[in-house]
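Biologist: I am new to this one. Walk me through it, and tell me how each label is earned.

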Amino acid sequence: MLKDLFNKKKKYASIPSEQSKVDIPEGLMKKCDNCYKIFYRKEINNNLNVCPNCGHHHQLNAWERIDSLFDSETFVEWDKGMITANPLNFAGYEKKMEGDREKTGLNEAVVTGFGTIDGQATAIAVMDARFRMGSMGSVVGEKIARAIENARKESMPFIIFTASGGARMQEGVLSLMQMTKTSVAISRFSQAGGLMISVMTHPTTGGVSASFASLGDYNFAEPGALIGFAGRRIIEQTIRENLPDDFQTAEFQLKHGQLDQVIHRHDLKYVLGTLLKMHQKGGGPR
């Protein structure tokens, strides 16, 4: 027995060759930000960026969101060519904007347009957190206001998906003015009898949460989305109290009456399509 023990051949770890490393495509796998399990990226993408294990909702970009909701080949984009200038001559702003345009393929942090969802014509604005963290600058506010006005003129409902860090610091007070511009557009739309649905996704904060994101006839959110105005640390320092662990989550906002419902991403198209049918002339359950 002792002889067998000491005569055992040593096992060595095999190191992958450089060629085998090259054969593995970059970005093939994705780790869930919540449960830390690793999946094929394609598996998560096919599940609308929802973790198959824990249900965590990873971010969707603007075009992924549009493709997940609109009927095939019905979406038409508005104001695609609008590009932000540098009104305050903020150092390095143009370079950062150019970098975001190359990285995302977008000209700004929101895509607007119209199409059909379950056969119902609707206008939409979808914010994209990859572009300047979805911050609200002059063009973002202008595109959203124009989309709302187009919806009013065409007597279409309007849906907005928000994802933003708030006002864009490089545009100062001009960014803050977009809160008023968009809120006035929503007021006119509402007075004309228009239906507005707001869906808050992760994150929806700052001036966006304090303006158009919270002004829908229906205010929804995705599970686990961060929704709030000021940051948690700032609030705790101001009130000198510890906040609940789930503070500023979608579930916390629903519990305290700030939302109408938290809706799983897989159910969103059905819920939105049903509401659009209900609010048609002569609409209702069929």
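Modeller: Start with Gln-178. Leaving aside neighbours within four places in sequence, Gln-178 is in contact with Met-136, Gly-137, Ser-138, Gly-141 and Glu-142. The model is predicted.

Biologist: What makes these count as contacts?

Modeller: Contact means heavy atoms within 4.5 Å. Gln-178 meets that cut-off with Met-136, Gly-137, Ser-138, Gly-141 and Glu-142.

Biologist: Where is the place of Gln-178?

Modeller: Gln-178 is in helix α7, residues 172-191.

Biologist: Why does Gln-178 count as buried?

Modeller: Buried means under 20% relative accessible area. Gln-178 has 5% relative accessibility, so Gln-178 counts as buried.

Biologist: What makes the pairing of the Gln-178 and Lys-181 side chains a polar contact?

Modeller: The cut-off is a pair of N or O atoms within 3.5 Å, one able to donate a hydrogen and the other to accept it. The side chains of Gln-178 and Lys-181 make such a contact at 3.0 Å.

Biologist: Now the helices. Why are α6 and α7 called roughly parallel to each other?

Modeller: Angles under 35 degrees count as roughly parallel. The axes of α6 (residues 138-153) and α7 cross at roughly 5° and come within 9 Å. Therefore α6 and α7 are roughly parallel.

Biologist: Which residues make that contact?

Modeller: From α6, they include Ser-138, Gly-141, Glu-142 and Ile-148. From α7, they include Leu-174, Gln-178, Lys-181 and Phe-189. By class, the contact of α6 with α7 has eight nonpolar, four polar and five charged residues.

Biologist: Why are α4 and α11 called oblique to each other?

Modeller: Roughly parallel needs under 35 degrees, and roughly perpendicular starts at 65. The axes of α4 (residues 62-69) and α11 (residues 265-278) cross at roughly 55°. That value falls in neither range, so α4 and α11 are oblique. The α4 and α11 axes also come within 9 Å, and α4 passes α11 in a right-handed crossing.

Biologist: Which residues meet there, in α4 and α11?

Modeller: Arg-65, Ser-68 and Leu-69 in α4 meet Arg-265, Leu-268, Lys-269 and Leu-272 in α11. The classes of this contact of α4 with α11 are three nonpolar, one polar and three charged.

Biologist: And the whole protein: how many helices and strands does the secondary structure have?

Modeller: Eleven helices and nine strands. The protein has 286 residues, and 43% count as buried. Among contacts between residues at least 6 apart in sequence, 67% join residues at least 24 apart.

Note on methods. Residues are numbered from 1 along each chain as its sequence is written. This is a predicted model: local features need pLDDT of at least 70, side-chain atom pairs count only at pLDDT 80 or more; totals for chains, interfaces and linings use all residues. Side-chain values use heavy atoms; hydrogens and water are left out. Axes are lines fitted to C-alpha atoms, for helices over the stretch in contact, and angles run from 0 to 180 degrees between N-to-C directions. Helices (H or I, at least four residues) and strands (E, at least two) are DSSP runs, numbered from the N terminus. Angles under 35 degrees count as roughly parallel, over 145 as roughly antiparallel, 65 to 115 as roughly perpendicular and the rest as oblique. A crossing is left-handed if the near helix is turned anticlockwise from the far one by less than a right angle, and right-handed if clockwise. Ala, Val, Leu, Ile, Met, Phe, Trp, Tyr, Cys and Pro count as nonpolar, Asp, Glu, Lys and Arg as charged, and the others, Gly among them, as polar. Buried means under 20% relative accessible area, exposed over 50%, partly exposed in between (1.4 Å probe, protein chains only).
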